[in-house]
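Hi,

Here is the structure I promised to pass on. Have a look at it first, and then read my notes below.

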Amino acid sequence: MSNRSAQAQSYAQAAFQALLEQWHTALDEVLTALQGDQKVFNVVMDSSKDFAEREKALMSVVPKGTPPELANMLKLMLQEGDLELASEVSQALVRLGSGQKVPTRADVVSAAELSDAEQESLRAMLTKEYGSDLIFSFRVDPALLGGLRVRVGDRLIDTSIASRLSALRESLSTAAR
């Protein structure tokens, strides 16, 4: 890498660190304010209240100078019912800033309940393929009819009977045209 490229990389890294720190600090301030003001917390977390009222209460504890993108993310998290993840998002920002790898979700959906041995076998196979930083979740969806649907990060492995039947139906309808 040339000296100019190394200098550019240093500036980019410094800017990235500064942005992460700004977001992390603002998120922590919001969390602290929510924990410190039970009335605001109750309004924000009460899903039976009008969204506009909840949003106004949340924005009242967002510090001045907070990047608009962060404020928009908080509003989205509120709208989606994911505001309780704000602390985890803050921690993930710290990990990203320090260069630590963020764990990847591995969601396994089966048509029937998997035994402990089957779950362990899948864990071992997926860990070997994708690395040891996986966080596993297992659930049952009888609509699959059989097989598995596994999502690791943005990769989908679908061996379900429902998926195969859908592909067959599509193939037959295309051939009939």
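Before the rest, one to try by eye: does Leu145 count as buried or exposed? Keep in mind that this is a predicted model. Leu145 counts as exposed, because its relative accessibility is 55%, and exposed means over 50%. You'll find Leu145 in the loop between E2 and E3. Its backbone is worth a look too: phi of Leu145 is near 70 degrees, a positive value in a residue other than glycine. Most residues other than glycine have a negative phi.

Now the sheet. It is an open one with four strands in the order E2-E1-E3-E4, and the pairing is mixed. Strand E2 (134–140) and strand E4 (155–158) are the edge strands, each pairing on one side only. On average, neighbouring strands of this sheet are turned by 10 degrees against each other, direction ignored.

Going through the pairs:

- E1 and E2 are parallel, with seven bridges between them. Ser110 has Val140 in E2 as its bridge partner. The chain gets from E1 to E2 through H6, and this β-α-β crossover is right-handed.
- Strand E1 (residues 104–110) and strand E3 (residues 148–152) run antiparallel and are joined by five bridges. Val108 has Val150 in E3 as its bridge partner, while Ala106 has Val152 in E3.
- E3 and E4 pair in the antiparallel sense, over four bridges. Val152 has Arg155 in E4 as its bridge partner, and Arg151 stands opposite Leu156 in E4. These two strands form a hairpin with two residues between the strands, where Gly153 takes a positive phi near 60 degrees.

So what packs on the sheet? Helix H6 (residues 116–130) does, and it touches E1, E2, E3 and E4. The direction of H6 makes about 140 degrees with that of E2.

Next, which residues of E3 are on its covered face? They are Leu148, Val150 and Val152, whereas Arg149 and Arg151 make up the uncovered face. In a regular strand the side chains alternate between the two faces of the sheet. Putting that together with the pairing, Val150 on the covered face is the partner of Val108, and Arg151 on the uncovered face is the one opposite Leu156.

One residue in helix H6 also caught my eye, namely Gln119. Gln119 counts as buried because its relative accessibility is 13%, and the cut-off for buried is under 20%. What is Gln119 in contact with, leaving aside its neighbours within four places in sequence? The answer is Glu113, Leu114 and Phe138.

Phe138 turns up again among the aromatics. The count comes to one aromatic pair. The rings of Phe136 and Phe138 have their centres 6.2 Å apart and their planes at 10 degrees, so this pair is stacked; planes under 30 degrees apart count as stacked. Phe138 itself is partly exposed, with a relative accessible area of 23%.

If you want a short route through the viewer, start at the loop with Leu145, go along the E2-E1-E3-E4 order of the sheet, and finish at the stacked rings of Phe136 and Phe138.

Cheers

Conventions:
Residues numbered from 1 in each chain as written. Predicted model: local features only at pLDDT ≥ 70, side-chain atom pairs only at ≥ 80, totals over all residues. Heavy atoms only, no water. Phe/Tyr/Trp six-rings, centres within 6.5 Å; stacked < 30°, edge-to-face > 60°. Buried < 20%, exposed > 50% of the residue type's maximum accessible area, 1.4 Å probe, protein only. Pairing = 2+ DSSP bridges. Axes fitted to C-alpha atoms, helices over the stretch in contact; angles between N-to-C directions. Contact = heavy atoms within 4.5 Å. Right-handed = clockwise from strand over helix to strand, strands pointing away.
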